[in-house]
Amino acid sequence: MPVGADILLVIAALVSALALSSLVAGWTERRWPWMALVSLSIGMGLFVYLHFEMTDGLTWTDVPDAFISVAARILN
């Protein structure tokens, strides 16, 4: 996996997870969370971009590997 793809994959996963939790919070408060929808579409767009940019595609094991790679890069 290219160096920049690791960081983009971690950003996409974090943005999507936070947007999903915001969507659930907005749903429980019975309001329409527009910014959460925009954030979720940005996160999903990054996932789609990475899937098409990588030569062998994107698999589920790439996500934890990217988190470990970015954490190792920060701690090193």
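**The H1–H2 loop, helix H2 and the nonpolar core**

Arg30 is situated in the loop that lies between H1 and H2. In this structure, which is a predicted model, the phi angle of Arg30 is near 55 degrees, a positive value in a residue that is not glycine. The relative accessible area of Arg30 is 80%, and the residue is therefore classed as exposed, the cut-off for that class being over 50%.

An aromatic contact was also examined. A pair of aromatic rings is described by the distance of the centres together with the angle of the planes. The count of such pairs comes to one. The two rings belong to Trp32 and Trp34, with centres 6.0 Å apart and planes at 75 degrees, and because an angle over 60 degrees counts as edge-to-face, the pair is assigned to that class. Both partners are accessible by the criterion used for Arg30: Trp32 has a relative accessibility of 57% and so counts as exposed, and Trp34, at 60%, likewise counts as exposed.

Helix H2, which covers residues 34-53, has a length that agrees with expectation, because its 20 residues, at 1.5 Å a residue, should span 28 Å, and its end C-alpha atoms are 28 Å apart. The buried residues of H2 are Ala36, Leu40, Gly43, Leu46, Phe47 and Leu50. Viewed down the axis of H2, these buried residues fall within an arc of 120 degrees, so that they line one face of the helix. Such an arrangement may be read against the geometry of an α-helix, in which there are 3.6 residues a turn, so residues three or four places apart point the same way. On the other side of H2, the exposed residues are Trp34, Ile42, Phe52 and Glu53. The cover over the buried residues of H2 includes H1.

The largest nonpolar core consists of 10 residues, namely Ala5, Leu9, Val10, Ala12, Ala13, Leu46, Phe47, Leu50, Ala66 and Val70. Two or more residues of this core are given by each of helix H1 (3-28), helix H2 (34-53) and helix H3 (62-75), and the largest share, five residues, comes from H1. Leu46, Phe47 and Leu50 thus appear both among the buried residues of H2 and among the members of the core. A particular set of contacts is provided by Ala12, which, when residues up to four places away in sequence are not counted, touches Gly43, Leu46 and Phe47; each of these three is listed among the buried residues of H2.

Technical notes: Residues are numbered from 1 along each chain as its sequence is written. This is a predicted model: local features need pLDDT of at least 70, side-chain atom pairs count only at pLDDT 80 or more; totals for chains, interfaces and linings use all residues. Side-chain values use heavy atoms; hydrogens and water are left out. A nonpolar core is a set of buried Ala, Val, Leu, Ile, Met, Phe, Trp, Tyr and Cys residues joined through side-chain atoms within 4.5 Å. Buried means under 20% relative accessible area, exposed over 50%, partly exposed in between (1.4 Å probe, protein chains only). Helices (H or I, at least four residues) and strands (E, at least two) are DSSP runs, numbered from the N terminus. Contact means heavy atoms within 4.5 Å. The expected span of a helix is 1.5 Å times one less than its number of residues. The arc is that of the directions from the helix axis to the C-beta atoms. Rings of Phe, Tyr and Trp (its six-membered ring) pair if their centres lie within 6.5 Å; planes under 30 degrees apart count as stacked, over 60 as edge-to-face and the rest as tilted.
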